[in-house]
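Work through the exercises below with the sequence and the structure at hand. Each task is followed by its solution.

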Amino acid sequence: MTMSSEEFHSFDLSASDEDFELPVELTKRKKQAERRSLPPKRPRRIYPLSATLNKASSPVLSMPETSQEEQSSQDRSWKPLPRTGRRALNSGDKAVSPKDIYDSVSSGKSDLLTVVEDWLDYYKKGREQGLLVLINFIVRCCGCQGVVSREMLDSMENAEIIATLTKQLNQESARYPLSRTGSSLKRFRSGLCEFAHMLVRCCRSFIYDDYLFPSLFSLLTGLSDSQVRAFRHTSTLIAIKLMSGLVEVVVAVSLQLQTVQWRYRLEEGKSKEAQDSERLEDLKGTISELLENKEELSSMMNATFRGIFVHRYRDRVVAIRAACIEELGVWIRTDPEGFLNDGCIKYLGWMLNDKESVVRLQCVRILRLLYQEKGFIGRLELFTSRFKKRILNMVMDKDYEVAVEVVKLLLQIHQSNKYATQTIIKCPEEVIEFRSVEEGLQEEECAQIYSLVYTTNRSLACAAGLFLYTRLKSMISSDNEKDINSEFIQILISFHIQSGLHEQGIYLVDSLWDAVDSELKDWECMTTLLLQDTGLVNKEEDALIELMVCAIRRAADPTPPIGRVHVKKGLNVKQKKTQEHSRRRITAHFIPLLTQLLAKYSADARKVHFLLQVPLYFDLDMYSSAQRMEKLVVAALRCCALHLMWAKVTVPSLPSQDEVNHLKKQACSFCKICQVCLSLGQAEIRDQAFDFLCDLLMIYSPKAVISEPALQNLYHRPSDSLRAEMAGFLLDYVFSDTDDMELEDQEEEIKLRQKKRNQLASFCKLVIYGVIDLTAATDVFKYYDKCFQDFGDIIKETIMKTKLINPVLSARTLCLTIQQLYTEMLTEVVSKKNIDEIRHLARKLALTFGNNLVNACKPLVYLHMDGIRFAFRAPQEGEEQYPNVAFLEILSEFSFKLLQQDKTHLAGFLKSQCPSALLSWQSVSVYWRSLEGTAAKLRDKAEAVSPQAIPVVKHQKTTTRGSHATSRKESRLDSSSIHGGLPTPTLTSTAQKQPRIVACTSDVLLESDIGSDSTELESEDEFSSGSQMPDLILTKRSNSTEDDKEPSTSLLPPMEECDVEQEEPMSDEAESDSSSVPPSTQHRSVFELFN
């Protein structure tokens, strides 16, 4: 019986999943001997493939061509071709055993072609024995140690054989070769699949002998239906691999049939005289034989498909289901004429709903391969319309690998419509076939994929980015490259705005980065759209700036955004070179244009926020000394400072805690940036950073929010390092000598002096308002004498205002200033000139206490006691004995402002602190004379005058006469009992940093100090620990009474009746000092600078 080509292709492989049985299964193997007694069939002639066949389309091993005479003399026996190095068989050869085949397959190192040929030679000697070896090999592959004997093969049916093997199988162990893990599984599975493929290739002549393959498929079908997983899994894998080989044979037979039919038609078309009747008869017989072979192959394939695949594609074992789907894809691509139909590909659609991601992934990958073939699109029309909804839902698959493949598949489905359209134009005869092809995806369906560009998984986001890029490019109608980029950017801006996911542009850019060619790197096009009037509205400008900055970041730093999973780590050499080249391009393009962009959008905080991120990705080595870089940084600092100031002013009355923390964090970050800028070599950047720091610290100071309860946390305290940098800036660039600087004219000199005065006044304002501790002002007070001509009025006004805030703390700060100068002098060369300079400064600082000695008595006592303790502090390691004794000569410059009773008590304090051996030293004698200079005269007068004649101080308390003098003395001495340790703030110069020896004094307390007031100790502790300044009160304090003894500031100690502030006239000496202040024609008013 023969079957035509049309009948073969109409053979239904897509029938229902009902059970079936092969004819050979119904017959016992013992009856096969009776079949052998039947008359043999006509010998088949195997014709080779045409020489013009494409080997890529038919990988089946073809036989060499033979002449017609040789073909007619061929019988059913198959003679293997001679091969170099092949072992010749003789009577002494060892028999092939199942163990040998199993070991060769498991090792992964043997030549399986040689193994199959050796078995084939053994099979030719006796097919029953050869089949038995192959069956036992399959049983061993299942992990069963049982053996199928010749008697079992002849007397039992397949079901009985399988039942016997099941009993012999070790049921306790669930392990079998295909259940292994790691490399051993890969080697065994690969070897087993290759062995099955080689078996079909080498046994092509035995496919039609009605014995080998029917018997083999019959056994495999029974094993695949077993309840034992090892039998079911192994037999299914071997069966579908054998069927893949049969599909290749069918394709080869079909091509051979087409070739013979073409030759037959060619010979038949000749005239009767030219026709070769014998050749026609041979060709006709060959066609009949090929059709018969095709029918037998079709029968075996149909039985295998319906007996094994239809049942095992839904097996409970994941590996079996995945293997079935994988081989189905191989069958469809190898023989599309037989398998690319709705009856077969429906299994792919059904398995898209499998609960295991491995099976779903296998289905999607097969579908991608099918949609890549343009010739398959028409046949996939029904499948697309039926399963498109399910495929769209799979973009949200929990397995990211599956979702990535689905997005790529949807892109192919969407692009398939273009091919259908082109086919209609180029091939008019196919219009009917493709006219009903449904368009790709609708816009609503595409929207499900667009949102994936913001997902955290980078592989899925990039796949969605490719889909989005393809869709956006399809909307562009221009042909010019520049216009294409501009139009693409505008379309991308519209998409970003419509997505509603603002502040997520970095994720969108990262998703598109691998897909775009040059659009996101066209900086010129982007800046042109921003700087020129291109009709962009405010929202579009915001989106464009955000996308541009994100693209700059992605080009300069390939690190994925925060939260986006990225598997690949590190950059190769090529990627590093690309990154460096991108940085250079960004720097060269944006250095001249960024200042223009900042100037245009300086009023928009959001735009400035993004634009200020651009310099972070510059290659600064290219323009480290360029003037335009300096201007760019200055513009960036100005925009940041104005934004922070305006944000502080416009903060809502009841802000949320997040808003307060965010603004506070921004202010802190800006202060850190300005701190770095203070050490730069560019003067304009350095000066602007200092000015912005002073203004910002004032606006974000604690006193600025004291009246607003909702903003109590919105302040920023400068760190110690920042205070040191700011003080160092004053030392290096304000108090530095300007004589060495080359100035063009006097006007430049005046401008420079005025700029320095403004900078000093800004720093002093921070001290006065308590933003910076008063102890940090010591580096300013040091230059009161040296720079008196330029800055004397500012420094004196600072000293006077600090006296209003806390007189004691102000006086002790002046003493600390002198101590620091003296300590610095000791580290250098000690000379009379240096000591004289310090004494002259001390004399000028003493004049700042004015003529009202009653108000200044207490601060002066604190100042002298700190100085005495400093002079007699214990020496440190490596120092000589009492190195600071000479400081008493400098301290004597403040003695003329003391009241006589204070001098007397300070003289006693000096004796208690000074060792007896030092009383004869010159410095001690000089200071002693400054305290005792008028004491003898006053004592002589006191003896001549009665106690009742001593005048009583105004507002003196009414106490017992006898105890008044004693109480005042004790109170005076007690109030002066403070710790002598004054920490010197560590100030680091920004130009030249030298080590300094910090002056410290011992904390020795006199016995008389024990009874001192606690309030004074608290004041002294605050001074020593560098605590914040008290509130500024510029109004004159009222006289203290018994009812109101509280001072105007909480940090001041209780004042005696003699400590009442009064208006003090300036002394003649002070007036003479103030006469040297520069006239107002050169400088602004001091009050103008502070206000």
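**Exercise 1.** Which residues of the largest nonpolar core touch the most other members?

Solution. The model is a predicted one. Its largest nonpolar core has 191 residues, and Trp119, Phe137 and Phe305 touch the most other members. Next, look at where the core comes from: helix H11 (residues 229-268) gives the largest share, 16 residues. Finally, there is a second, separate core of 95 residues, with Ala667, Ala689, Cys694 and Ile795 among its members.

**Exercise 2.** Compare the expected span of helix H30 (residues 683-699) with the distance between its end C-alpha atoms.

Solution. Helix H30 has 17 residues, and the rise is 1.5 Å a residue. The expected span uses one less than the number of residues, so H30 should span 24 Å. The end C-alpha atoms of H30 are 25 Å apart, which agrees.

**Exercise 3.** Find the buried residues of H30 and what covers them.

Solution. Buried in H30 are Ile685, Arg686, Asp687, Ala689, Phe690, Phe692, Leu693, Cys694, Leu696 and Leu697. Two of these names, Ala689 and Cys694, also appear in the second core. The cover over the buried residues of H30 includes helices H28 (627-649), H29 (657-677), H31 (720-734) and H32 (746-768).

**Exercise 4.** Describe how helices H20 (residues 443-450) and H21 (residues 458-474) pack.

Solution. The angle between H20 and H21 is about 140°, and their axes are 9 Å apart. Angles over 145 degrees count as roughly antiparallel; H20 and H21 are therefore oblique to each other. H20 contributes Glu443, Cys446, Ile449 and Tyr450 to the contact, and H21 contributes Ala464, Phe467, Leu468 and Arg471. By class, this contact has six nonpolar, no polar and two charged residues.

Key. Residues numbered from 1 in each chain as written. Predicted model: local features only at pLDDT ≥ 70, side-chain atom pairs only at ≥ 80, totals over all residues. Heavy atoms only, no water. Axes fitted to C-alpha atoms, helices over the stretch in contact; angles between N-to-C directions. Helix = DSSP H or I, 4+ residues; strand = E, 2+ residues; numbered from the N terminus. Parallel < 35°, antiparallel > 145°, perpendicular 65-115°, else oblique. Contact = heavy atoms within 4.5 Å. Nonpolar A, V, L, I, M, F, W, Y, C, P; charged D, E, K, R; others polar. Core = buried A, V, L, I, M, F, W, Y, C linked by side-chain atoms within 4.5 Å. Buried < 20%, exposed > 50% of the residue type's maximum accessible area, 1.4 Å probe, protein only.
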